[in-house]
Protein chains: 2
Amino acid sequence: MKITDRKSEIIVTAAKLFKKRGYNAVSMRDIAQELGIKAASLYNHIKSKQEILSDIVLNVAESFTNHMEQIYPQSINSIQKLEAIIQNHIDITVQKTDFLACMNNDWMHLDEENLATYLKLRNAYEASFRKILQEGIAKNELENQNSEIVIFSILTTLRALYLWYSKKSSVEVEVLKKDLPKTLLHGIVKN
Amino acid sequence: MKITDRKSEIIVTAAKLFKKRGYNAVSMRDIAQELGIKAASLYNHIKSKQEILSDIVLNVAESFTNHMEQIYPQSINSIQKLEAIIQNHIDITVQKTDFLACMNNDWMHLDEENLATYLKLRNAYEASFRKILQEGIAKNELENQNSEIVIFSILTTLRALYLWYSKKSSVEVEVLKKDLPKTLLHGIVKN
DNA sequence: AAATTAAACTAACAATCGTTAGTTTTGTTA
DNA sequence: TAACAAAACTAACGATTGTTAGTTTAATTT
């Protein structure tokens with residue numbers, strides 16, 4: 001029983017490199033070198049480079065899906081749900097920075113089967129998000145704005161949080177948790 | 001005197017492929033095939049694959065810089081400046097979709113020299129944006145929110161617009177021009 | 001028509017890619 | 001200590017990469 005097995009080490013190391021340079025610009029030899037071993041040795045632990053990518057991407061995608069499935073049915077109002085979702089994006093950004101970056105940048109390099117799985121998860125997530133917005137509009141909690149634009153705007157910002165986080169200290173994460181919901185939900189213009 | 005010279009055709013074709021699959025996943029042979037010629041023939045018109053990338057990225061980056069330099073010194077208030085910037089992002093998204101996608105996704109594959117040029121342009125752009133925000137806060141036109149979070153949130157959304165645009169009709173661009181500034185500047189929560 | 005230029009071609013290069021086969025080393029269990 | 005399993009190794013494969021050299025074709029100018 002190991003604390004972290006070798007396969008996990010490989011995936012974590014690969015994610016770190018993928019984040020910096022992108023999936024296609026990182027070779028198996030690069031990953032191996034970072035671990036102090038030879039490329040061929042990686043294959044004692046993983047099946048292929050593609051398996052590394054799909055493990056990373058689907059891990060993060062499932063984290064988002066799981067949280068959404070937990071929040072969505074709760075009997076809280078739409079604003080509280082949106083705040084919970086934003087918090088979750090911040091949490092995942094902090095806890096799985098490299099994995100998240102890899103999902104954002106390299107999901108299109110998944111092979112046919114894994115790509116289909118990923119897109120299914122992603123579409124379901126956006127559909128739930130859309131329903132929360134529309135519920136909020138119906139209950140007069142939110143402005144009746146174009147839902148697609150709102151979804152796009154908020155999810156794009158949340159997905160890209162890892163870019164912001166990489167440059168900031170952990171102290172500022174608390175600031176982010178406090179201020180980002182305000183910016184996204186209430187805008188910046190004075191009334 | 002040709003309407004479009006061969007080099008431009010190559011760059012436009014490359015941008016289209018880079019957008020779909022990313023710089024590293026597109027080979028010179030792929031670009032050539034799309035043009036109906038052989039890979040070696042490309043080198044009658046361009047110096048290297050890297051030159052294609054830098055032409056694309058710096059073209060877009062300079063478009064943004066030029067517009068910012070034109071808007072920034074105008075004597076209009078901060079909200080009007082922000083609206084003009086948002087409009088410009090939408091315009092560039094529509095006019096140079098593939099180039100913009102390539103800039104967003106592949107700038108980190110620029111070689112040392114071009115990367116430095118790109119980052120200089122990008123940092124200057126963000127600095128101007130920051131000053132406009134702070135001017136707006138000082139003049140009590142904008143809420144006194146964390147500037148870094150606001151910059152990040154708005155610029156991230158604007159940079160990713162090409163993703164949204166690719167899926168929508170040109171009719172909806174008018175909707176976007178009308179509604180996106182509202183969403184970004186005023187938020188979505190009812191007062 | 002001859003000469004020149006532009007733009008395509010074929011062929012090949014050295015390097016690197018993901019991956020496999022077979023072997024040796026290391027660490028654990030019987 | 002002998003046996004076994006896990007995890008590293010060396011060596012090599014076929015494919016693909018960006019690019020160059022040299023040649024041929026097509027278009028333009030003299």
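Leaving aside its neighbours within four places in sequence, which residues is A:His89 in contact with? I would like to start there, and I should say at once that what we are looking at is a predicted model.

A:His89 sits in helix H5 of chain A, the helix that covers residues 78–95, and, with a relative accessibility of 3%, A:His89 counts as buried. Once the neighbours within four places in sequence are set aside, the contacts of A:His89 are A:Phe64, A:Tyr125, A:Leu155, A:Leu158, A:Arg159 and A:Leu161. With one of these, A:Tyr125, the contact is also a polar one, made between the two side chains at 2.8 Å.

A:Phe64 takes us to the next topic, since residue 64 of chain A is also where a record ends one of its features: UniProt, in an unreviewed entry, places "domain: HTH tetR-type" at residues 4–64 of chain A. In the model, that stretch of chain A is 72% helix and 0% strand, and its end C-alpha atoms are 23 Å apart.

Let me turn now to DNA strand C. There are 17 residues around this strand, and those that come nearest are A:Tyr43, A:Lys49, B:Lys38, B:Asn44 and B:His45, with both protein chains represented. Of the atoms of DNA strand C that come within 4 Å of the protein, sugar and phosphate account for 58%. By class, the residues of this surface divide into six nonpolar, five polar and six charged.

Three of the individual approaches deserve a closer look. From chain A, a polar side-chain atom of A:Lys49 lies 2.8 Å from a phosphate oxygen of DNA strand C. From chain B, B:Lys38 also approaches a phosphate oxygen of the strand, but here the atom concerned is a backbone N or O, at a distance of 2.5 Å. B:Asn44, by contrast, addresses a base, with an N or O atom of its side chain 2.5 Å from a base nitrogen of DNA strand C.

Finally, the cysteines. Why is B:Cys102 not bonded to A:Cys102? The sulfur of A:Cys102 is the closest cysteine sulfur to that of B:Cys102, but the two are 20 Å apart, which is too far for a bond, given that a disulfide requires the sulfur atoms to be within 2.5 Å. A search of the whole structure, over all chains, accordingly finds zero disulfides. A:Cys102 is buried, with a relative accessible area of 0%, and B:Cys102 is likewise buried, also at 0%.

Key. Residues are numbered from 1 along each chain as its sequence is written. Chains are lettered from A and ligands numbered from 1 in the order in which they are written. This is a predicted model: local features need pLDDT of at least 70, side-chain atom pairs count only at pLDDT 80 or more; totals for chains, interfaces and linings use all residues. Side-chain values use heavy atoms; hydrogens and water are left out. Helices (H or I, at least four residues) and strands (E, at least two) are DSSP runs, numbered from the N terminus. Buried means under 20% relative accessible area, exposed over 50%, partly exposed in between (1.4 Å probe, protein chains only). A polar contact is a pair of N or O atoms within 3.5 Å; within protein, one must be able to donate a hydrogen and the other to accept it, and residues adjacent in sequence count only if both atoms are side-chain atoms. Contact means heavy atoms within 4.5 Å. A residue is near a molecule or strand if one of its heavy atoms lies within 4 Å of it. Ala, Val, Leu, Ile, Met, Phe, Trp, Tyr, Cys and Pro count as nonpolar, Asp, Glu, Lys and Arg as charged, and the others, Gly among them, as polar. UniProt positions are given in the numbering used here, feature names are shortened, and annotations may be inferred rather than shown by experiment.
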